[in-house]
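Biologist: Could you take me through the sheet in this one? I'd like a close look at how its strands line up.

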Amino acid sequence: MALNSLLVSLFLLASSAAGQATLQPASVTGTVRDVNGGVLPGAIVAVIDLRTSTAIQTAVAAFNGTFTLSSIRAGHYRLRVTLSGFEPYDQPLVIDPRQPSRIDVTLSLSRVQEQVVVHGTPTDLVMTPTARVDRTLLETLPSESLSSGLSSVITLTSPGVAADSNGSFHPLGEHAETSFSIDNQPISDQQSRIFSNQISPNAIQSIDVQTGVPAAEFGDKTSLVATVTTRSGLGARGVSGAASIGYGSFHSPTASFSLGHGNEHVGNFLSVDATLSGRFLDTPEVEPLHADGHVYNLFDR
């Protein structure tokens with residue numbers, strides 16, 4: 001009888017110890033890394049209660065990526081790890097005080113999905129000129145070239161445009177990628193009197209210069225586009241004209257004459273100018289030997 005009582009007592013003591021072991025809190029440790037093995041400090045590690053779906057304890061990964069969650073009662077949970085820029089990590093977690101819990105977590109980069117919607121409006125097609133030259137400025141602007149007056153105007157008024165040889169100009173980019181549009185007539189040839197006929201500044205009403213990447217209407221030009229509007233006499237409300245003569249160094253006489261008349265519906269403009277010079281070309285000599293030249297321009301619209 002005494003032996004049976006002793007066995008029962010030993011069994012009760014063992015059961016009580018086992019029950020206390022199941023209720024004893026435990027700890028969870030681990031390290032958070034990326035797919036390349038690098039540690040991820042700042043990751044948030046949480047133990048989630050399955051019944052309430054709430055975090056019963058959280059921790060932040062240290063500078064070396066390690067974390068420790070302590071004093072967790074034995075049971076079944078979920079371990080959730082989150083970090084900005086990475087996919088959330090979620091897995092079942094069983095807390096058993098008889099077995100140490102160590103979990104190494106690997107986070108993958110988040111899969112970002114972006115959707116870009118472009119809405120076009122008519123204002124998107126409007127190109128703001130880099131420089132705009134009106135008739136008032138043309139009449140007061142000095143010319144640096146006797147042979148290329150239009151090129152000289154663009155050189156003096158447009159930012160990012162440098163003077164080239166023989167009255168030409170060089171914009172930002174390839175100078176061969178320059179185009180002119182004179183009264184909506186595209187001209188892609190080089191506009192210099194050395195190489196081709198160039199319209200006289202006396203016949204120009206305004207110039208809009210666009211640099212950078214021009215609009216598609218100008219084709220594949222990528223350097224500079226000069227949109228030139230000539231004088232027509234429209235809106236003159238009568239007859240108006242001007243005449244001038246001049247003489248400069250290197251035996252350079254100049255003469256110009258213009259006459260315009262019209263109303264709001266019809267008009268006509270005539271311009272005649274001539275230039276002679278002993279330094280028609282851009283030569284390096286102080287006394288050029290082969291630079292004599294002359295230009296005669298007749299414009300009627």
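Modeller: Let's start in the middle of things: Asp49 stands opposite Tyr77 in strand 5. Strands here are DSSP runs of E, at least two residues long, numbered from the N terminus. One caveat up front: this is a predicted model, where local features need pLDDT of at least 70, side-chain atom pairs count only at pLDDT 80 or more, and totals for chains, interfaces and linings use all residues. Residues are numbered from 1 along each chain as its sequence is written, and side-chain values use heavy atoms, with hydrogens and water left out.

Back to the pairing, which takes at least two DSSP bridges between two strands. Strand 2 (residues 44–49) pairs with strand 5 over 6 bridges, in the antiparallel sense. Tyr77 also stands opposite Leu93 in strand 6. Strand 5 (residues 75–82) is joined to strand 6 by 7 bridges, again antiparallel. Those two form a hairpin with 6 residues between them, and Gly85 in the turn has a positive phi of about 95°.

Put together, you get an open sheet of 4 antiparallel strands in the order 3-2-5-6. Strand 3 (55–60) and strand 6 (89–95) are at the edges with a single partner strand each, so one side of each has no neighbour in the sheet.
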